[in-house]
Amino acid sequence: MIRSEYNLAQWLEWMEKSHSTEIDLGLARVSQVLTNLQLDLSASKIISIAGTNGKGSTTALIEAIYLAANYTTLAYTSPHLLLYNERVRLNGQDVTDGLLIEAFNAIDRAMGQADQRISLSYFEIGTLAAIYLVSLQKPDVALLEVGLGGRLDAVNIVDADVAVITTLAIDHVDWLGDDIEQIGSEKAGIARANRPLVCGELSPPQSIKQTAGEKNIKLYQVGEHFSQELHAESQTWTWKGLDYKGQWLEYTDLPYPLLPIQNATTAVQAIAQLGLAFDKKAIQFGLLNAQASGRLQGAKYLNTAILLDVAHNPQSANYLASSLKSQGFASKVHLVLGVLADKDCAGLIKQLSEVVLHWHLVSLNVHRGQSAVQLQKHLLAQNLQAASISCYDSIDQALNVAVATVKEDQKVVVAGSFVTVSQALALL
């Protein structure tokens, strides 16, 4: 069968085998294919979003606010949890198989023939597909989530009207290293001269400000140029920041979102910098309706309420633990946990230990996965009691035991990886 006749599953299988390495940072190859595609992106305002954590939540918040303001949107995120179509949302809805297939066909042709063929990775092809659909659908706003790093990520082949950095932490050390200053510089590489860079990291490395100064980037830093003020009694908050004309704005009586307020604060600043008209009602409605799959997501399994969160590093685990403690679940969580082997397992476990009553460890039989027994060694190294740890070969085994043993004042939580959460969602 020729590729032009492939269905979506066949295209995805081909993409997985089309390049020699899973991750291949660099813009030369993917930029050449973009040039060959000859796309016109001028009808859309583009926001690129980088960061260690919070990218998906920030994207969902911006998307929801613009939809509430009656703008058309395209949001590109990764990875997906159940279906590849989740990676591209048009006006809040997952893209159809047909549009993805059209995009993949166009990219395949643009990659060339024979000895002139340009090889691209799975992620690079997917990124180009999203950009192709921006050109085809011409949304008012296109939101492009960076996959890894920033400067050398495939998303950075597009010049963003507004660039966003959510949070920063040490992660993906095999590709980005363990130097937070270097990581900050890499993330800031998505910004362009004379255009805004919105940074929501509360303790930013000096390299972000340095990069902005060297490249004449307009930096808007949380705590300096925009901020939040929480009002616990009324369960509302106030946002203050600067618009694209440099004028101060203030929005009061904003509802608490389902997603982190820190990311909501960053999202509103990005919207203020893009310059499209919007009002307070759109912000309020967007905050109430924004959701991101696998982020503090409630669900039911065997008539038991559970919580799913893709927390997979110490920073995101800290936020999850803080959220659970605020709800009264300190030392009351049955945690179904599966973590990839290249993650900071020790740091993640340390952050979650205050809320966990029993650890239900799951083997992840995927690339970079580790067994439950291997993960158990990280817990025992922190002197956690062996009696509070159970190991399972699969997510369904772990969940079945967790929901069978959890008491009314306790909580079942699934976390540790996109892989773990996606397997749980498949069961649901």
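**Salt bridges, aromatic pairs and a helix contact**

Let me start with one residue: Asp108, at 10% relative accessibility, counts as buried, where buried means under 20% relative accessible area, exposed over 50% and partly exposed in between, with a 1.4 Å probe and protein chains only. This is a predicted model, in which local features need pLDDT of at least 70 and side-chain atom pairs count only at pLDDT 80 or more, while totals for chains, interfaces and linings use all residues. Residues are numbered from 1 along each chain as its sequence is written, and side-chain values use heavy atoms, with hydrogens and water left out.

What does the side chain of Asp108 meet in a salt bridge? The partner is Arg3, at 2.9 Å from N to O, a salt bridge being a side-chain nitrogen of Lys or Arg within 4 Å of a carboxyl oxygen of Asp or Glu. The two residues sit in distant parts of the chain, since Arg3 belongs to the segment before H1 and Asp108 to helix H4, with their positions 105 residues apart; helices (H or I, at least four residues) and strands (E, at least two) are DSSP runs numbered from the N terminus. Whereas Asp108 is buried, Arg3 has 28% relative accessibility and therefore counts as partly exposed.

The structure holds 11 salt bridges, and I would like to show two others. Lys209 and Glu224 are joined by a salt bridge of 3.9 Å, N to O. Lys209 lies in helix H8 (residues 206–214), and Glu224 in the loop between strand E8 (218–221) and strand E9 (227–231), so this salt bridge ties together parts that are 15 residues apart in sequence. Lys209 is partly exposed, with a relative accessible area of 45%, and Glu224, at 48% relative accessibility, also counts as partly exposed.

The other example is Lys332 with Asp409, whose side chains meet in a salt bridge at 3.7 Å, N to O. Here again distant parts of the chain are linked: Lys332 is in the loop between helix H11 (314–326) and strand E14 (333–337), Asp409 is in the loop between H14 and strand E17 (411–415), and the two are 77 residues apart. Lys332 is partly exposed at 28% relative accessibility, as is Asp409 with a relative accessible area of 42%. Returning to Arg3 and Asp108, salt bridges that share partners join these two and Arg117 into one network.

Now to the rings. There are 9 aromatic pairs in the structure, where rings of Phe, Tyr and Trp (its six-membered ring) pair if their centres lie within 6.5 Å, and planes under 30 degrees apart count as stacked, over 60 as edge-to-face and the rest as tilted. Trp11 and Phe104 have ring centres 6.0 Å apart and planes at 45°, so the pair is tilted. Trp11 comes from helix H1 (residues 8–17) and Phe104 from helix H4 (residues 97–110), 93 residues apart, and both Trp11 and Phe104 are buried.

A further tilted pair is formed by Tyr76 and Phe123, at 6.2 Å centre to centre and with 35° between the planes. It links strand E2 (residues 73–76), which holds Tyr76, with helix H5 (residues 122–137), which holds Phe123, across 47 residues of sequence. Tyr76 and Phe123 are both buried. On a wider scale, one aromatic cluster is made up of Tyr6, Trp11, Trp14, Tyr84, Phe104 and Tyr122.

How do helix H14 and helix H15 cross? The axes of H14 (residues 395–405) and H15 (residues 418–427) come within 10 Å and cross at roughly 70°, the axes being lines fitted to C-alpha atoms over the stretch in contact, with angles from 0 to 180 degrees between N-to-C directions. That makes H14 roughly perpendicular to H15, because angles of 65 to 115 degrees count as roughly perpendicular, under 35 as roughly parallel, over 145 as roughly antiparallel and the rest as oblique. Ile395, Asp396 and Leu399 of H14 make the contact with Thr420, Gln423, Ala424 and Leu427 of H15, contact meaning heavy atoms within 4.5 Å.

Lastly, two glutamines. Gln297, in strand E12 (residues 297–301), is partly exposed at 23% relative accessibility, and it touches Ile306, Leu307, Leu308 and Leu425, not counting residues up to four places away in sequence. Gln93, in strand E4 (residues 93–94), counts as exposed at 57% relative accessibility, and its C-alpha atom is 9.1 Å from that of Leu74, 19 residues apart in sequence.
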